[in-house]
Amino acid sequence: MTNVELPTAEASLALVGHLRERSPEFGALVDELADAAVALRHVGLTQWQMGRLGSSIEALLAALSLQPQSSDMWRDLASVYNASANIDAADSAIRRSLLLDPQSAQSWLILAGICDRRHDPAAAEAAYRRTIALDATIAAAHFGLGLLHFKQKAFEKAQHALSIAADRDPENGLVQACLGHVLFIRSDFEGSAQAFDAAARLGPLDPESKRKRARALTFQAMIEGSVAQALLNYPTLADGDPEDMTLIIRDAFSVLSASGHLEAAAELGRIRLAEQPDDPVRRYLLDAVSGTAVTAAPADYIESYFDRFAPQFDERLVKALHYIGPTVLFDRVRQHRTRFSCILDLGCGTGLAAEALSSGGPVLIGVDLSSGMLAEAEKKGRYTQLVKSEIVEFLTRSEARFDLIFAADVLIYFGDLSPLLAAAARSLVSGGLLALTLEIGKDADFTLLPSGRFAHTPDYLARLAASDFMVLDLIKDDIRLEAGVPTRGLYAVLQRH
Ligand SMILES: C[S@@+](CC[C@H](N)C(=O)[O-])C[C@H]1O[C@@H](n2cnc3c(N)ncnc32)[C@H](O)[C@@H]1O
């Protein structure tokens with residue numbers, strides 16, 4: 001961290017003399033204010049307003065050398081350093097200010113902004129909260145906190161903070177527009193459109209906000225009435241900048257499915273299937289939102305869906321959806337055993353678990369139905385062998401040779417788990433481990449979700465596992481985000497009798 005160096009008092013007085021000579025107004029100001037430090041601060045602030053950041057810093061440093069106990073001037077200096085992107089110096093100056101006056105809400109607010117710029121979200125959040133504790137009326141603190149939560153994809157908290165910011169500062173169009181985006185992510189389309197309208201009353205909307213507003217109004221109309229009419233009205237709402245209709249229909253389908261508006265989603269699903277009747281993804285996802293009885297995702301759906309998804313899978317799952325399944329599951333395994341002789345990554349996908357798993361033993365085999373996913377897994381360079389196969393068929397063909405079967409986010413494509421668990425038990429050596437994740441369901445043993453994945457009850461797993469396995473470890477934790485909300489999962493480590 002930079003320590004801000006002050007000039008000597010002599011040098012600062014020399015600067016005062018020099019300014020006096022150059023500017024009679026400055027001389028008059030010093031006489032009038034009878035205090036060189038106050039006059040230098042005034043110069044510093046004026047130069048800042050004029051965008052002359054270097055001169056502003058010079059004047060503020062000189063003022064501080066004459067009055068180093070002024071917390072306000074340290075705060076001014078921090079703000080100018082911040083404006084000039086000298087973050088280390090800004091940090092050092094604001095901390096000096098806070099040492100002198102820890103009760104200044106404005107100084108904590110500036111520290112929060114600096115920590116945010118330094119990519120230290122924990123420190124930024126603490127500083128925003130301190131600001132709010134000292135003065136809850138400061139809208140900028142709620143706004144900053146809301147944006148911080150937004151970046152962390154903590155959308156519920158972001159909505160809360162941005163709503164308070166909008167209440168405190170109703171004339172701020174940027175706050176309203178940000179609120180519109182968060183409400184959209186949280187599937188409150190009506191609230192989202194209202195927030196965008198409030199922003200539009202305060203100034204022109206940026207193109208992205210205009211598009212989101214049109215989508216929010218269209219999706220809300222789909223929920224409330226006819227999907228077909230909402231699609232007809234969309235170009236007018238898009239106000240000269242319509243998005244591709246196929247994109248709107250696809251996204252409306254996935255957003256309305258994920259947010260539980262199943263009637264509208266099913267209507268959209270039928271439109272999509274009518275466009276491409278042979279598409280296995282469209283067919284299966286329509287089944288999923290229509291509540292059709294299914295016991296596993298069909299193989300043609302898995303292949304087609306994951307082949308298309310493969311190139312963006314890592315980016316989307318890890319960055320956008322905060323997918324942590326492989327990491328959490330591998331940590332659970334390590335609590336029980338760290339070395340294995342033959343590991344199977346079941347439904348290995350792009351190999352997100354490969355690095356961790358390959359550290360656990362000399363042989364790592366990956367199996368998956370999707371050649372697109374396998375091609376990505378190959379690039380990771382960690383597998384001894386990659387096999388394209390349906391996983392129950394693969395396990396049924398295998399002899400008992402694995403001492404770890406790792407199944408992250410793959411059993412969710414099976415409703416009835418009994419064939420898979422029986423086949424996994426046969427291909428494990430005695431004492432071998434089966435590590436798996438599930439999405440947690442209620443009531444029925446398994447439920448097909450609108451996402452096309454299945455949720456299972458913990459009881460169901462325990463009942464099925466009892467004959468061949470002992471449960472070593474069972475925890476509930478987040479898996480990834482779904483419609484902006486964390487999906488709770490079950491992480492289990494079972495040991496073969
Ligand atoms: C959500 S991805 C998870 C990939 C990986 N395990 C991970 O955690 O990143 C699910 C993977 O399981 C595969 N899969 C699903 N059902 C399958 C089946 N019946 N047979 C083979 N692979 C399957 C898919 O192709 C996809 O690659």
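**View 1. Helix α4 of the predicted model has the span its residue count calls for.** Helix α4 covers residues 53-66, a run of 14 residues. At 1.5 Å a residue, α4 should span 20 Å. Its end C-alpha atoms are 20 Å apart, so expectation and model agree. Many names in this helix belong to buried residues: Ser-56, Ile-57, Ala-59, Leu-60, Leu-61, Ala-62, Ala-63, Leu-64 and Ser-65. Their cover includes α1 (9-22), α3 (36-49) and α5 (71-83).

**View 2. Asp-279 sits in a loop between two helices.** The loop runs between α16 (262-275) and α17 (280-290). Asp-279 has a relative accessible area of 7%; buried means under 20%, so this residue counts as buried. Setting aside residues up to four places away in sequence, Asp-279 touches Leu-273 and Arg-308. With Arg-308 there is also a polar contact: the two side chains meet at 3.1 Å.

**View 3. The ligand is surrounded by 21 residues.** Tyr-323, Gly-347, Asp-368, Glu-390 and Ala-408 come nearest. Helix α18 (residues 299-320) gives the largest share of the shell, 3 residues.

**View 4. Backbone atoms of three residues lie by nitrogen atoms of the ligand.** For Leu-369, a backbone N or O atom is 3.2 Å from a ligand nitrogen. For Ile-391, the distance from such a backbone atom to a ligand nitrogen is 3.0 Å. For Ala-408, it is 2.9 Å. Taken alone, the ligand exposes 590 Å², and the protein buries 97% of that area.

**View 5. Residues 344-435 carry a domain annotation in UniProt.** The unreviewed entry gives the label "domain: Methyltransferase type" for this span. In the model, the span is 35% helix and 28% strand. Its end C-alpha atoms lie 10 Å apart.

**View 6. Ser-358 belongs to helix α20.** This helix covers residues 354-358. The side chain of Ser-358 reaches the backbone oxygen of Glu-355 at 3.0 Å. Leaving out residues up to four places away in sequence, Ser-358 touches Leu-364 and Arg-382. Cys-342 is 16 residues from Ser-358 along the chain. The C-alpha atoms of Ser-358 and Cys-342 are separated by 10.0 Å.

Note on methods: Residues are numbered from 1 along each chain as its sequence is written. This is a predicted model: local features need pLDDT of at least 70, side-chain atom pairs count only at pLDDT 80 or more; totals for chains, interfaces and linings use all residues. Side-chain values use heavy atoms; hydrogens and water are left out. Helices (H or I, at least four residues) and strands (E, at least two) are DSSP runs, numbered from the N terminus. Buried means under 20% relative accessible area, exposed over 50%, partly exposed in between (1.4 Å probe, protein chains only). A polar contact is a pair of N or O atoms within 3.5 Å; within protein, one must be able to donate a hydrogen and the other to accept it, and residues adjacent in sequence count only if both atoms are side-chain atoms. Contact means heavy atoms within 4.5 Å. The expected span of a helix is 1.5 Å times one less than its number of residues. UniProt positions are given in the numbering used here, feature names are shortened, and annotations may be inferred rather than shown by experiment. A residue is near a molecule or strand if one of its heavy atoms lies within 4 Å of it. Accessible areas come from the Shrake-Rupley method with a 1.4 Å probe; for residues, only the protein chains shown count as cover.
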